[in-house]
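Work through the exercises below with the sequence and the structure side by side. Try each task yourself before you read its solution.

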Amino acid sequence: RYYESKRSRQFYACSAFRDRKSDGCGFFQWADEPIRPEKEEMRQQINALHRPQRNHAENEERRAKIEAEGHAYKYCHQCDLLLLKSEWKDHVEHEGRISITKSQLTRPS
């Protein structure tokens, strides 16, 4: 933060959803102050909420299974999951279930 009459101070703040205050992360910590236990607990809770459900190897294994099945790729935004054909019926009612191409999988935005 910058103050005209004072020296500037370094800080740590979460940039997640910065433009959407109600959904955003409110983490803020001055760099030169020790972290209080309640701040550390808050940070741990925030990290747990935003941690991916699967690691890269698990996602890659799922993609390889889908490719071996030889069907269209379908992705469920609500579950953040590339779907196996056997799972399609479980996601019919979910918002954001879309078909994607192999090209889109190899070049994510």
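**Exercise 1. Find what share of the chain's residues count as buried, and describe the order of its helices and strands.**

Solution. In this predicted model, 20% of the 109 residues of the chain count as buried. Turning to the surface, the chain exposes about 8900 Å², and carbon and sulfur atoms supply 50% of that area. The next step is to list the secondary structure elements, which are three helices and five strands, and reading along the sequence gives the pattern β-β-α-α-β-β-β-α. Finally, among the contacts with a separation of 6 or more, 21% are between residues 24 or more positions apart.

**Exercise 2. Decide how many disulfides the structure holds, and explain the result for cysteine 76 and cysteine 79.**

Solution. A disulfide is a covalent bond between the sulfur atoms of two cysteines. To count as a disulfide here, the two sulfur atoms must lie within 2.5 Å. For cysteine 76, the nearest cysteine sulfur is that of cysteine 79, at 3.7 Å, so the pair does not meet the cut-off of 2.5 Å. Taken from the other side, cysteine 79 has the sulfur of cysteine 76 as its nearest, and cysteine 79 is likewise in no disulfide. A search of the whole structure finds zero disulfides. As for their surroundings, cysteine 76 is buried at 0% relative accessibility, whereas cysteine 79 is partly exposed with a relative accessible area of 23%.

**Exercise 3. Examine two salt bridges within helix H2, and work out how their partners are placed along the helix.**

Solution. The structure holds eight salt bridges, and one of them joins arginine 63 to glutamate 60, with the closest N and O atoms 2.5 Å apart. These two residues are three apart in helix H2 (residues 56-69), so about one helical turn separates them. Both ends of the pair are partly exposed, since arginine 63 has 23% relative accessibility and glutamate 60 has a relative accessible area of 33%. A second salt bridge joins the side chains of lysine 65 and glutamate 61, with an N to O distance of 3.9 Å. Here the partners are four residues apart in helix H2, which again places them about one helical turn from each other. Lysine 65 is partly exposed at 45%, and glutamate 61 is partly exposed at 48%.

**Exercise 4. Determine which parts of the chain are tied together by the salt bridge between glutamate 87 and arginine 62.**

Solution. Begin with the position of glutamate 87, which is found in the loop between strand E4 (81-83) and strand E5 (97-100). Its salt bridge with arginine 62 has its closest N and O atoms 2.7 Å apart. Because arginine 62 lies in helix H2, the pair ties this loop to the helix across 25 residues of sequence. Both partners are buried, glutamate 87 with a relative accessible area of 16% and arginine 62 with 18%. Leaving aside neighbours within four places in sequence, glutamate 87 is in contact with Arg62, Leu81 and Leu82.

**Exercise 5. Describe the setting of glutamate 95, and state whether it is buried or exposed.**

Solution. Glutamate 95 lies in the loop between E4 and E5, and with a relative accessible area of 67% this residue is exposed. Not counting residues up to four places away in sequence, glutamate 95 touches His77 and Gln78. Glutamate 95 and cysteine 79 are 16 residues apart in sequence, and their C-alpha atoms are 9.3 Å apart in space.

Notes
Residues numbered from 1 in each chain as written. Predicted model: local features only at pLDDT ≥ 70, side-chain atom pairs only at ≥ 80, totals over all residues. Heavy atoms only, no water. Buried < 20%, exposed > 50% of the residue type's maximum accessible area, 1.4 Å probe, protein only. Contact = heavy atoms within 4.5 Å. Areas by Shrake-Rupley, 256 points an atom, 1.4 Å probe, with all protein chains shown as cover. Salt bridge = Lys/Arg side-chain N within 4 Å of Asp/Glu carboxyl O.
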